[in-house]
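Trainee: Could you walk me through this model and show me how to read its features one at a time?

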Amino acid sequence: MEAELKTLLSRNAVPIVDLENCVDGVADAVAQKLRKALSEQGYALLINHGISNKKIKTAWDYFDGFVDLPDEVKATYERTKAPDGENHGYVSPGMERFDGRTPELRHAYNICKLGRDFLPEKQFPGFTEHINSLTDDFNALGRFILQVLALSLGAPESFFIDKHSYMLSDDRFNLTTLRMLYYPPVEDISSKDIVRCGAHADYCTFTLLSQDSEGGLEVKLRGSDQWERVGHLPGALFINCGETMASWTNQLYHALQHRVVVPEQKDTRHRGRHSMAYFCHPDSSTLIDSRDLHIDSKNEVIYNAYDITMALAKGAYGHNYS
Ligand SMILES: O=C(O)CCC(=O)C(=O)O
Ligand SMILES: [Fe+2]
C-alpha cells in the first residue's frame, strides 16, 4: 500500500469557487472570491460551472480513438510547423519541449478551427459536431468568467468580453484554443529526463482545465519556490491566469507556473491521464494596457495580444520554429 499523496486539495488549501445560481448579486460575490484567489494564490477550482462531464468524457473517448490511429494517419493532422502562428492540429509526444530540451510525454490536439476539414471527421463521424457543441459550452462559460473578471477588477462588465469577440470562431483574429491532452501510462522511470508537461505559465487571458484523474499536476503558488501537487476534484475546472492577464493587471493576477510530473506513485503512473485545456485569448489586435483598467504600469511599450503570445511561444518552442 503506497502512502497517501499529500495535495493542496487534501490539505483543504484550494480556493473553491461555486458558480451555482450565478445571478447578478451572486456574481459580485463570485468576483470577490476570484479576485482573492487569483491575486493571492494564482488559481482556483470552479464547481457547478455548467459544463457536462459526460460531454468532456466523450471528447476524450474520441481522442483515445485518434491516438490509436496509425502514425501516418495522425501525421496528416499534425500542427503545421510554419512560423506564422498556426497552432491548430495534432502535437505528437516529444514534439513540444517547454525547456527546449526534455521531451514531453503527451499527445495533444490543439483545436483552433472548428470546420470538419480540420478535424478527424472522416475517421470519427460526429466528432466535429461534438467538439463544436463543447466549444460553445466553453465559450459561454468563458464569457461569463470574463464578465466576472471585469467585475473583480472594478471595470465595466463588458470590458473583457468586448475584446474577446472571435473566440474559436476565427483563428486569424483570435488565438483561443481548446486543447485535448492524453498522457500515456509510464512504466519506466529510470530516466530522470522525462516529464509529462514541462514547467511553464500559459500565455492567454485565463485557462480552464479539466482532468480525469490525479496524474501529476503541480503548481508554484505566488511568492513560493516550491512545487505543490494540486490533487483531483472530480468534475471541477481548474482556473489560472496567463501572461496576457498578468500584463493587463500589471501582475495583480499573475501567470501561474505549473507543470505535470511523472507521478512517483506506481498506480497513478501506470494509469493514462486525460486533460483538456481551454485557453481564452483576447482578439489578436487588442492592445494590452493596464492603464485601461486604471492600474498603473511602468510599461512604455504596449503590445497587442498576438505579439505577446507569439513572443512567448517562440521563446518556448523555438526548436519548432527554426
Ligand atoms: O494537462 C495538464 O494538466 C496541463 C496542461 C498544460 O498546462 C498546458 O497544456 O498548458
Ligand atoms: Fe499550461
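**Reading helices, sheets and a ligand shell**

Mentor: Happily! In this predicted model, the axes of α2 and α4 come within 10 Å of each other, with a crossing angle of roughly 140 degrees. That makes α2 oblique to α4.

Trainee: What is the general idea behind describing helices like that?

Mentor: Two packed helices are described by the angle between their axes and the distance between the axes. Here there is also a handedness: α2 passes α4 in a left-handed crossing.

Trainee: Which residues of α2 and α4 meet there?

Mentor: From α2 come K55, T58, A59 and Y62, and they meet F127, H130, I131, L134 and D137 of α4. Sorted by character, the residues of this contact are five nonpolar, two polar and two charged.

Trainee: At what angle do the axes of α1 and α4 cross?

Mentor: Helix α1, residues 24–40, and α4 have axes that come within 8 Å and cross at roughly 75 degrees. Angles of 65 to 115 degrees count as roughly perpendicular, and that makes α1 roughly perpendicular to α4. In this contact A27, D28, V30, A31, Q32, L34 and R35 of α1 meet V148, L149, L151 and S152 of α4. The residues divide into seven nonpolar, two polar and two charged.

Trainee: Now the sheets, please. How should I think about them?

Mentor: Strands of a sheet pair through backbone hydrogen bonds, either parallel or antiparallel. One sheet in this model is open and has eight strands, in the order β1-β2-β10-β7-β12-β5-β4-β3, with mixed pairing. At its edges are β1 (16–18) and β3 (89–91), each of which pairs on one side only. Ignoring direction, neighbouring strands of this sheet are turned by 25 degrees against each other on average.

Trainee: How many bridges join β5 to β12?

Mentor: Seven bridges join them, and the two strands run antiparallel. You can find M180 standing opposite M276 in β12.

Trainee: Which helices pack on this sheet?

Mentor: Helix α2 (residues 53–67) does, touching β4 (107–111), β5, β7 and β12, and its direction makes about 65 degrees with that of β5. Helix α4 (residues 127–152) packs on the sheet too, touching β4, β5, β7 and β12, and its direction makes about 55 degrees with that of β12.

Trainee: And what is the order of the sheet with four strands?

Mentor: That open sheet runs β6-β11-β8-β9, with antiparallel pairing. Its edges are β6 (197–200) and β9 (227–229); each has a single partner strand, so one side of each is left without a neighbour in the sheet. Inside this sheet, β8 (residues 217–220) and β11 pair in the antiparallel sense over four bridges. There, L217 stands opposite V260 in β11.

Trainee: Last one: which residues surround ligand 1?

Mentor: The shell consists of R179, L181, C197, D202, L209, Q211, L217, H258, V260, S275 and A277. You have just met two of these, since L217 and V260 belong to the shell and stand opposite each other.

Trainee: Which strands each supply at least two residues of that shell?

Mentor: Those are β5 (177–183), β7 (206–211), β11 (257–260) and β12 (273–280). As for character, the shell has six nonpolar, three polar and two charged residues.

Notes:
Residues are numbered from 1 along each chain as its sequence is written. Chains are lettered from A and ligands numbered from 1 in the order in which they are written. This is a predicted model: local features need pLDDT of at least 70, side-chain atom pairs count only at pLDDT 80 or more; totals for chains, interfaces and linings use all residues. A residue is near a molecule or strand if its C-beta atom, placed from the backbone, lies within 6 Å of it. Ala, Val, Leu, Ile, Met, Phe, Trp, Tyr, Cys and Pro count as nonpolar, Asp, Glu, Lys and Arg as charged, and the others, Gly among them, as polar. Two strands pair if DSSP finds at least two bridges between them. Axes are lines fitted to C-alpha atoms, for helices over the stretch in contact, and angles run from 0 to 180 degrees between N-to-C directions. Two residues are in contact if their C-beta atoms, placed from the backbone, lie within 7 Å. Angles under 35 degrees count as roughly parallel, over 145 as roughly antiparallel, 65 to 115 as roughly perpendicular and the rest as oblique. A crossing is left-handed if the near helix is turned anticlockwise from the far one by less than a right angle, and right-handed if clockwise.
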